[in-house]
Amino acid sequence: MYIIAGLGNPDRQYEGTRHNVGFEVIDTIASKYNITVDTKKHRAFIGKGVIGGQKVILAKPQTYMNLSGESIISLVEYYKIDEEQELIVIYDDVSLGVGKLRIRAKGSAGGHNGIKNIIAHLGSEVFPRIKIGVGEKPPKYDLADYVLGHFTKAEHELMEEGYGNAVHAVEMIISGEIQAAMNEYNRKKKEE
């Protein structure tokens, strides 16, 4: 069984912001696989389904970004999954171009408070993650204001492509091809 968790902030005011791209990917997966993500458990909205023959739980933690680990640890412990293999966390990254992906099997938080909190709760940096670029913060912008801001129309189109790529990356990871997913999506940065 896999837990696929997209990070974001609850509440209407955060819908469609850069910080909520994890939620957007979960919604895209849910739509593609006809999974309803509306059961409130483990401080998250969750939905159960099957992707590529594997049971999955889609999760949108409702703890606010900086406390994402509280929900994730509850899910991991309840479903007794191996987070090193069966947890996939999807979140925004300001160091990547809009809509670009970077996939990692493990790693530090890289300054992302949601990931920092997850690492603190799991006691490990070893879990697969998909980072989705939301573009670099313009000079003199406050980082919090930037990530809580909305995409332009042009950026939104790039993000839609990014969400589709993230769904494909999830499918690859679930089928045991995380290395292939990294090769496919991480290299694109170098080609530009």
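## A walk from the pocket to the cores

The largest pocket has a volume of about 460 Å³. A pocket here is an open set of points on a 1 Å grid over the protein atoms alone, where a 1.4 Å probe fits and protein lies on both sides within 12 Å along at least five of seven lines; the volume is the space filled by probe spheres set on the points, which are joined across faces, edges and corners. Bear in mind that this is a predicted model, in which local features need pLDDT of at least 70 and side-chain atom pairs count only at pLDDT 80 or more, while totals for chains, interfaces and linings use all residues. Residues are numbered from 1 along each chain as its sequence is written, and side-chain values use heavy atoms, with hydrogens and water left out.

So what lines the pocket? The lining comes to 24 residues (each with an atom within 4 Å of a point), and H19, G111, H112, N113 and L143 lie nearest the centre. Two or more lining residues come from each of β5 (87-93), α4 (113-122), β7 (129-133) and α5 (143-147). These elements are DSSP runs, with helices (H or I) of at least four residues and strands (E) of at least two, numbered from the N terminus. By type, the lining splits into eight nonpolar, 10 polar and six charged residues; Asp, Glu, Lys and Arg count as charged, Ala, Val, Leu, Ile, Met, Phe, Trp, Tyr, Cys and Pro as nonpolar, and the others, Gly among them, as polar.

Stay with α4 for a moment. Its residues G114, I115, N117, I118, I119 and L122 are buried (under 20% relative accessible area, with a 1.4 Å probe and protein chains only). Their cover includes α2 (68-79), α3 (83-86), β5 and β7. Right after α4 comes G123, with a positive phi near 70°. S124 then sits in the loop between α4 and β7, and S124 counts as buried because its relative accessibility is 14%. A polar atom of the S124 side chain lies 2.9 Å from the backbone nitrogen of V126. Beyond four places in sequence, S124 touches E83 and I119 (contact means heavy atoms within 4.5 Å).

Now for the nonpolar interior. In soluble globular proteins, nonpolar side chains tend to be buried together. Here the largest nonpolar core (buried Ala, Val, Leu, Ile, Met, Phe, Trp, Tyr and Cys residues joined through side-chain atoms within 4.5 Å) has 33 residues, and I4, L58, I88, I130 and I132 have the most contacts inside it. Among the elements giving two or more residues to this core are β1 (2-6), α1 (21-33), β4 (54-61) and α6 (153-174), and α6 gives the most, with nine. I4 has contacts with residues including I26, I57, I88 and V170, leaving out those up to four places away in sequence. Apart from this core lies another, of 23 residues, among them L7, A59, Y79 and F127.

Finally, look at the backbone. Most residues other than glycine have a negative phi. H42, in the loop between β2 (39-41) and β3 (44-51), is not a glycine yet has a positive phi of about 55°. K80, in the loop between α2 and α3, also has a positive phi, near 50°. Are these two buried or exposed? H42 is buried because its relative accessible area is 17%, whereas K80, at 71%, is exposed (over 50%).

Key: A polar contact is a pair of N or O atoms within 3.5 Å; within protein, one must be able to donate a hydrogen and the other to accept it, and residues adjacent in sequence count only if both atoms are side-chain atoms.
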